[in-house]
Amino acid sequence: MAYLLLLHQKMSLKRKVNKLTLAQTSIGTRKDRITKRIEAVQKSFAKKQSRLEAQAKQMTSMTNSIMNNNMLAMSSQFQMVDAQSLLLTNDSNNMYYQKEYAESYKKLQTAIQEKGYDDPTVKDLQKQFEANFTNNKEFQEKMQQAQQAAMQINNQKAIQKQMMQQYCSTFTTNVNDQVSIWLEAKTQELEDEEQMALAPLNEEDTLIDIEQASNEAQLTYAQSRLESIESALSNATQDVPKFGA
């Protein structure tokens, strides 16, 4: 009678172990699916975050590029001048321009390029140029005035250049700060959306983990009981009298 009872328990436990094993496989499949769904959502939001960061980088790069281009475009306004350029440049706004000096200087330079310094004609032109201008007291006074004017112009240009650089730097910093604030706000908004999207998935994932742990515990216990009963059945079989022994 005891043997038959053990045999009945064995068959019942085997069915339970098979059922729990099948359930564990099913739970594992569901676990894999929910894990993939969670990963898909995370990847989707990671791509959105990357696009936000790329957009922010593009905005700051564009601002920096515009400011740099503006500085390059205005660089000619900040070029330093000297007395020579004031005397040679024919500009309606240039009160220091000297027509005779400019023409004589150009004529001398052209002759030097064509004939060289050792040519007698060049030497004559050089002497004439020095007599009329370089060593001429009246012209020296004009040169001195032009030098003082060049100094004032350069000082003013330096101030204007510094102010423009400061403006560009401040403007760039302000824009970049605004972009950083925008990116931070958008990132927070995106994180909130991700949490909302993941909340039901994470809850389902947690329930699956609980179910899997419970099923695993039941399976372990059932397998242990089955092993004990199979051992008891084996011992009972050995104790049965063998006729003809």
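**Figure 1. T187 in helix α5.** T187 lies in helix α5, which covers residues 137-239. The model shown here and in the following views is predicted. T187 is buried, with a relative accessible area of 16%, because a residue counts as buried under 20%. The side chain of T187 makes a polar contact with the side chain of Q49, at 3.1 Å. With neighbours within four places in sequence left aside, the residues in contact with T187 are Q49 and L52. Q49 therefore appears both as a contact of T187 and as its partner in the polar contact, a term for a pair of N or O atoms within 3.5 Å.

**Figure 2. D205, also in helix α5.** Helix α5 holds D205. The relative accessible area of D205 is 14%, and the residue is buried. Apart from neighbours within four places in sequence, D205 is in contact with K31, I34, T35 and I38.

**Figure 3. T63 in helix α1.** Helix α1 runs over residues 2-73 and includes T63. T63 is buried, at a relative accessible area of 11%. Its contacts, when neighbours within four places in sequence are not considered, are F171, T172 and V175. One of these, F171, is 108 residues away from T63 in sequence, while the C-alpha atoms of the two residues are 8.8 Å apart in space.

**Figure 4. S85 in helix α2.** The helix that contains S85 is α2, made of residues 83-88. S85 is partly exposed, with a relative accessible area of 24%. This value is not under the 20% that marks a buried residue and not over the 50% that marks an exposed one, so S85 falls in between. D32 stands 53 residues from S85 along the chain, and the C-alpha atoms of the two are separated by 80 Å.

**Figure 5. K115 in helix α3.** K115 belongs to helix α3, which spans residues 99-115. With a relative accessibility of 47%, K115 counts as partly exposed. Its contacts are T121 and V122, leaving aside neighbours within four places in sequence. E103 and K115 are twelve residues apart along the chain, with 18 Å between their C-alpha atoms.

**Figure 6. The whole chain, for orientation.** The chain has five helices and zero strands. Its elements, read from the N terminus, follow the order α-α-α-α-α. The radius of gyration is 48 Å, well over the 18 Å given by the globule rule for 245 residues, so the chain is more spread out than a compact globule. Taken along the principal axes, the C-alpha atoms fill a box of roughly 150 × 40 × 20 Å. Of the contacts in the chain with a separation of 6 or more, 80% are between residues 24 or more positions apart.

**Figure 7. Surface and charges of the chain.** Buried residues make up 23% of the 245 residues. About 17700 Å² of the chain is exposed, and carbon and sulfur atoms supply 53% of this area. The chain carries 28 positive and 30 negative charges, and the mean positions of the two sets are 8 Å apart.

Terms used:
Residues numbered from 1 in each chain as written. Predicted model: local features only at pLDDT ≥ 70, side-chain atom pairs only at ≥ 80, totals over all residues. Heavy atoms only, no water. Helix = DSSP H or I, 4+ residues; strand = E, 2+ residues; numbered from the N terminus. Rg over C-alpha atoms; globule rule 2.2 N^0.38 Å. Buried < 20%, exposed > 50% of the residue type's maximum accessible area, 1.4 Å probe, protein only. Contact = heavy atoms within 4.5 Å. Areas by Shrake-Rupley, 256 points an atom, 1.4 Å probe, with all protein chains shown as cover. Lys, Arg positive; Asp, Glu negative; His and termini not counted. Charge placed at Lys NZ, Arg CZ, Asp CG, Glu CD. Polar contact = N/O pair within 3.5 Å; in protein donor to acceptor, adjacent residues only side chain to side chain.
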